[in-house]
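Let's walk through this assembly together, one contact at a time. Have the viewer open as you read.

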Amino acid sequence: MFKSFLTIIQHEIRVTMRQAFSWITPLLFFVIVVSLFPLAIGPDETLLRKIAPGIIWVAALLAILISIGNLFRTDAEEGYLDLLLLSPHSLTLLVCSKIFSYWFTHCLPLILVSPLLGLLLNLTSHEELTLIITLLLGTPVLCLLGAVGAGLVVGIRGHGLLLPVLIMPLYVPILIFGTGAMMAASLHQPLNGYFAIMGAFLLVSLAFAPLLTGVALRIGVNQ
Amino acid sequence: MFHWIQKRFLAPKAFYRSSGYFLPWISLLFILCFSYGLISGLFIAPADYQQGDGFRIMYVHVPSAFTSMAIYLVMASCAVVTLVWRVKIAAICMSCSAPIGAWFTFLALITGSIWGKPMWGTWWIWDARLTSVLILLFLYLGFIALQSVMADQQTRDRTGAVIAIVGVINLPIIHYSVIWWNTLHQGPSISQFAKPAIATPMLNPLLAMIAAFILFYVVILFLRVRNQILLRKML
Amino acid sequence: MNFSQIINMGGYAAYVWPAYGITLAVFGLNLFLALNEKRRIKKQLPENNR
């Protein structure tokens, strides 16, 4: 069972790496959106440093939202999804492996690039470190919740912005605590509470989201 | 009691008949509660010490906020019944409740904003309650958007049920996150906006209005579900 | 409360009356839409006349 988990991850990562477009574009989107804000607001250093947590988090959130809708699309089109649904392995685990591959190929680059963007926005090294940790804890939650949305819209052709509209309200708690942690870091306050809550969000999402995604997939495919 | 409800409301035909029987009585009850709440709230209840007559907006704002959340809970319960037991009438109730809930949420936001202008000096304030209600509106609208896109009835019901359940699980999390976020970012001036303890002559119209709003929801829900039963030829 | 007090609402008239007005409008709209939908359906399905 674990072997099937690893096989799918390997396969997914290899496929995504071949189609560089699919993971480089969200990364570029992320960088460009973050760069737009100083252009829109002005180069005031203190102001940028103050709103940097919000900018980076919202940009990462948007980058994930616009690309995760296609998590199951090619699979559904090629009939691969039907095979997954019929397989003897647990659908939850298979969905988990897909989500992990997505996170690995789409979110990990975001996390690696974020310190550079922090530099653009005048973050201190302490804030940069907090940024990386909050993104490490937060982006999996965003991917997990987004996957539920992806499962829901898998049957809908041309769903456009439906998935972002659907899933964004659910992103509010993790956004609040992710940016809250960074603001606490800028004020040199203790961060353990924030990380603990974000870790709790991660564990709860991990427990429920793959399951719900599987349910949504079964509903969406049985048309 | 459960069996009583089941016998009269489970099958679409039974629902149509029972709702037709109860509708006049519920409408009457609504008119009574609404009239009492409206008249005593606007004219009889004494003016508030701090807010003067402006506090009377509470008699439409609080019931609409309460009802908007209550409707979401009803929607989510119907969603569970739809997914687990595949009860058709529950799916119809869920779909019909969403626009009504969205209207009440919208009403809560507008009346809250109008109440805020004279009391807080601003049309909008990012306090925990208004922000949570705003997100609730997004949840409703997302549900309606999802339902509008799908053609197949069964898929529409079941995917809608999933998103409704996901939303209701998140609702308390979102609510408490927003409260926490608000206390973190609050200025010192917000402390004077705490809800004051409410005196009895002011309370009764409020309870009547809350009951009236809930009854109105039931009336509109019954009307719309009956329409759906007719439309889908389940009679 | 006498009539002028009612209309004035202690100076808050510009806020209280629109709030109640919008509430009544939303209620009326919902009622109208539900009944209108029924009328449209009944017109389309003359055989289901109950």
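Between which chains are the most contacts, among the two pairs of chains that touch? The answer is chains B and C. Please keep in mind throughout that this is a predicted model.

## Who touches whom

Two pairs of chains touch, and the pair of chains B and C has the most contacts. Chain A and chain C, by contrast, do not touch. If you look for the place where these two come nearest, you will find their C-alpha atoms 25 Å apart.

## Where chain C meets chain B

On this contact, chain C brings 24 residues and chain B brings 25. Helix H2 of chain C, residues 13-44, is a good place to start looking: the largest share of chain C's side comes from this helix, with 16 residues.

What sort of residues does chain C place against chain B? Sorted by class, that side holds 17 nonpolar residues, along with five polar and two charged ones.

## Where chain B meets chain A

Turn now to the other contact, which takes 22 residues from chain A and 21 residues from chain B. On the chain B side, helix H5 (128-149) and helix H6 (153-185) each supply at least two residues. The largest share there is that of H6(B), with 12 residues.

The chain B side facing chain A breaks down into 14 nonpolar, five polar and two charged residues.

## A look at chain C itself

Chain C is built with two helices and zero strands. Its radius of gyration is 19 Å, whereas the globule rule gives 10 Å for 50 residues; 19 Å is well over that, so chain C is more spread out than a compact globule.

The dimensions of the chain C C-alpha trace along its principal axes are about 55 × 20 × 10 Å. Of the 50 residues in chain C, 20% are buried.

## How confident is the model in chain B?

Chain B has a mean pLDDT of 88, with 94% of its residues at 70 or more. Among the helices of chain B, you will find the highest confidence in H3 (residues 58-85), at a mean of 94, and the lowest in H1 (residues 2-9), at 86.

One stretch to view with its confidence in mind is residues 188-194 of chain B, where pLDDT stays under 50. For these residues the model has two contacts beyond four places in sequence.

Conventions: Residues numbered from 1 in each chain as written. Chains lettered and ligands numbered in written order. Predicted model: local features only at pLDDT ≥ 70, side-chain atom pairs only at ≥ 80, totals over all residues. Contact = placed C-beta atoms within 7 Å. Helix = DSSP H or I, 4+ residues; strand = E, 2+ residues; numbered from the N terminus. Nonpolar A, V, L, I, M, F, W, Y, C, P; charged D, E, K, R; others polar. Rg over C-alpha atoms; globule rule 2.2 N^0.38 Å. Buried ≥ 20, exposed ≤ 12 C-beta atoms within 10 Å, placed from the backbone. pLDDT = per-residue confidence, 0-100.
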